[in-house]
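Biologist: Please walk me through this model. I will keep asking how you reach each label.

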Amino acid sequence: MSALRGSELGSLADPAELSAALDVRREPPLRLLRFLRDMLRIRIIEEVVAEWVERGLARAPCHLGIGQEAVAVGVSAHLEPRDRVFGGHRSHAHYLALGGDVYGLLAEILGRHDGVSRGMGGSMHLVDRAVGFHGSVPLVGATIPIAVGAGLAAKMDGEGAVAVSYFGDGASEEGVLHESLNLAATFGIPVLFVCENNLYSSHLDIAQRQPSDRVARFGEAHRIPSVSIDGNDVLAVARAAQPLIARARAGEGAALIEAVTYRHRGHVGPKEDVDVGLRRSLDELAAWKRRDPIRRLADAMLAANLMTPAAFAAHERAQRSEIAALAQRAEAAPYPPQSALLDYVFAGAAR
Amino acid sequence: MSEPRSTSYGDAIRQGFEYLMSTNPKVFAIGQGLWSPWYVGSSMTDLDRKFGRERVIDTPVSELACTAAAIGASLCGYRPIVVHPRMDFMLLAVDPIVNQAAKWSHMLGGRVAPALTVRAIVNRGGEQGAQHSQSLHAWFAHVPGLRVVMPSTARDARDLLIASVLCDDPVLYIDDRWLYERSEPLPEVRERDLRSEGCARRRLGGDITLVGAGYSAYLCEQAAEQLAGLGVDCEVIDARVINPLDEATILESCSRTRALCVVDGGWRPAGFASEVLAIVAEQLGPSALRAAPLRITLPSAPAPTSRALEQSYYPTAETVVRAVAKQLGVGVAA
């Protein structure tokens, strides 16, 4: 399959390319195992959520990032709890990759009081400052400048913390990205902009929305170091993020990573939605599934004898049963009390 | 004994900043024109020199990003004040104010509190026209989770600014350039809890309750003095905080005076004056007032530029006197 006319991303956006197993020779095995475990955990959790939506248990809009797990896992490898991470409508992975609380997320998605946002947020409004996740909300692009402000606070603190702003290619069409990049560059703010370019904004292909599919050009225009990488290669993501986060910590300012990826499901909900977009077809989806970030890492680890097929299968089974138990507990958790409706309008309740 | 020194409203705001920045290292100010008196009048003079340009930050022309950045900083323990030298331009930042700051506490189950203060300046007159004149307090008072503060006196300009910044909630603090020369002697700062600040009774009276906020409260005070000369004994209520509004003080006053006039620097439809009338009608019942209640607002037109039209556009104390006299059936010299 060839890239569309006007593609500046080239092979990065072409699912026929870059589907081979990753090169894991230079990587510490423990790190590879952690990446695999974290991506798999996120995948399984989102599959549980997909099933909940199908069964009508989860009613709030759920935007699944199945297929995109490598981005958050690769970036988070270099983050610390003191950092300040912000996301958007599709942010389960952003939270979980920080070591987020699985039960708290699942309970939140069902609108239960045990949830990370006390059942007031659902899938699209998550927060857990203990792991550095300061908030995700669905207004497209809204948290980009908020992350810049969190980075400004980090700069004022002077202790080397950084802010991270996750957003999609759709958000790069909001004017606020330009304002935010300019502010971050001009004031030398330690913020890492991470664009998950999955080539679609809701139903519209990026070719129908922009003259170029390469979002990194916006960072370059603001004199911010910017890279476009294969977002389905967790090692490439981690390698790209490491020096950019390090230089932000050292007071050298903002950077941008454009991680090209693809979501297996539709914009919202569990369906694959193959019937929308300029080029989104069953063929294209099948090609991107061959470029699956989890499979590419697992295949490489199997080939390098870092694990056996039986051990991998047993690990997956163990994760599935652990998550199923947490899901069951979330299904039985209480809803917020009626008083919550007014209690949280203003500050004052315990935080 | 010498007269106590009088402080102007504009300087009182500056003193509020000075107090906050001297006593709390987490307070900073960010916005356009903060290093220039041309934008913010006397209200921030030399703050950048005293506290450094890292704490008094003049910014690119990016209302949206700067306001949202203040939210981000507040989530990380700072107490930012975002300054919009004209409220009209602040409309480019409605998303961070209405969708973000006002909602994060609720949406995220009270786990976070964006404790930023957004300072919007009403700066009108002088043939500045429709996009340099608006007072859109009513829009923002509509939104749960956002406190809206409108000082009318120098003391409130200082002390409510301090209370706004110390409050854990997002606050929209609206000051008015037409009040900058209004002066009074100021006592020492006393930190107040914004959550318990309500209406102030600026004048006691038994014939009618005049309600206003910001510059309109000042008009009410001026009109009340003139009306006293006509034998009308006005009670003046300065709303001070229009969301959440202290309804009890207004209701108590109206139940005594049994007459109501609200002066509002905004437009009439779905406005602040309408809200006060609705509260009184709803809470006190159909026979509570002895005259039909009155709203004095801007005409339903954008602000004109031409001086000839501008003069009739804005209500004055005389407008209020004539309208109230007519409302109560009192004679007024032509």
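Biologist: Where does Pro244(B) sit?

Modeller: This is a predicted model, so local features are described only where pLDDT is at least 70. Pro244(B) lies in the loop between β12 (241-243) and α11 (247-257) of chain B.

Biologist: What makes the peptide bond from Asn243(B) to Pro244(B) cis?

Modeller: The omega angle. For the bond from Asn243(B) to Pro244(B), omega is near -10 degrees. Most peptide bonds are trans.

Biologist: Which angle stands out at Ser202(A)?

Modeller: Phi. Ser202(A) has a positive phi of about 50 degrees, although it is not a glycine. Most residues other than glycine have a negative phi. Ser202(A) is in the loop between β6 (200-201) and β7 (204-205) of chain A.

Biologist: Why is Ser202(A) called partly exposed?

Modeller: Count the neighbours. Ser202(A) has 14 C-beta neighbours inside 10 Å. Buried needs 20 or more, and exposed needs 12 or fewer. The count for Ser202(A) falls in between, so the residue is partly exposed.

Biologist: What about Arg223(A), and where is it?

Modeller: Arg223(A) is in the loop between α7 (216-221) and β8 (226-230) of chain A. Its phi is near 60 degrees, a positive value in a residue other than glycine.

Biologist: Why does Arg223(A) count as partly exposed?

Modeller: Arg223(A) has 13 C-beta neighbours inside 10 Å. Exposed stops at 12 or fewer, and buried starts at 20. Therefore Arg223(A) is partly exposed.

Biologist: Turn to the helices. Why are α1(A) and α2(A) called oblique?

Modeller: Helix α1 (residues 29-55) and helix α2 (residues 69-76) of chain A pack at an angle of about 135 degrees. Roughly perpendicular covers 65 to 115 degrees, and roughly antiparallel needs over 145. The angle of about 135 degrees fits neither class, so α1(A) and α2(A) are oblique to each other. Their axes are 10 Å apart, and the crossing is right-handed.

Biologist: Which residues make that contact between α1(A) and α2(A)?

Modeller: From α1(A) come Phe35(A), Asp38(A), Met39(A), Ile42(A) and Arg43(A). They meet Glu69(A), Ala70(A) and Val73(A) in α2(A). By class, the residues of this contact are 5 nonpolar, no polar and 3 charged.

Biologist: Now chain B. Why is α10(B) oblique to α14(B)?

Modeller: The axes of α10 (residues 215-229) and α14 (residues 317-328) of chain B cross at roughly 55 degrees. Roughly parallel means under 35 degrees, and roughly perpendicular begins at 65. The angle of roughly 55 degrees lies outside both, which makes α10(B) oblique to α14(B). The two axes come within 8 Å. The crossing of α10(B) past α14(B) is right-handed.

Biologist: Which residues of α10(B) and α14(B) meet?

Modeller: α10(B) gives Leu219(B), Cys220(B), Gln222(B), Ala223(B), Gln226(B) and Leu227(B). α14(B) gives Ala317(B), Val320(B), Val321(B) and Val324(B). This contact has 8 nonpolar residues, 2 polar and no charged.

Biologist: How do you know that chain A agrees with a compact globule?

Modeller: Compare radii of gyration. A compact globule of 351 residues would be near 20 Å; chain A has 19 Å, which agrees. Its C-alpha atoms fill a box of roughly 55 × 50 × 40 Å along the principal axes. Chain A comes to 12 helices and 9 strands, and 55% of its residues count as buried.

Biologist: And what is the case for chain B?

Modeller: For 334 residues, the globule value is near 20 Å; chain B has 20 Å, which agrees. The C-alpha trace of chain B spans about 60 × 50 × 45 Å. Chain B has 14 helices and 14 strands. Of its contacts with a separation of 6 or more, 80% join residues 24 or more positions apart.

Biologist: How many residues of chain B contact chain A?

Modeller: 31 residues of chain B are in contact with 34 residues of chain A. On the chain B side, α4 (63-75), α6 (94-101) and α7 (104-107) each give two or more residues. The largest share, 9 residues, comes from α4(B). By class, the side of chain B that touches chain A has 17 nonpolar, 10 polar and 4 charged residues.

Notes:
Residues numbered from 1 in each chain as written. Chains lettered and ligands numbered in written order. Predicted model: local features only at pLDDT ≥ 70, side-chain atom pairs only at ≥ 80, totals over all residues. Contact = placed C-beta atoms within 7 Å. Helix = DSSP H or I, 4+ residues; strand = E, 2+ residues; numbered from the N terminus. Nonpolar A, V, L, I, M, F, W, Y, C, P; charged D, E, K, R; others polar. Rg over C-alpha atoms; globule rule 2.2 N^0.38 Å. Axes fitted to C-alpha atoms, helices over the stretch in contact; angles between N-to-C directions. Left-handed = near helix turned anticlockwise from the far one by under 90°.
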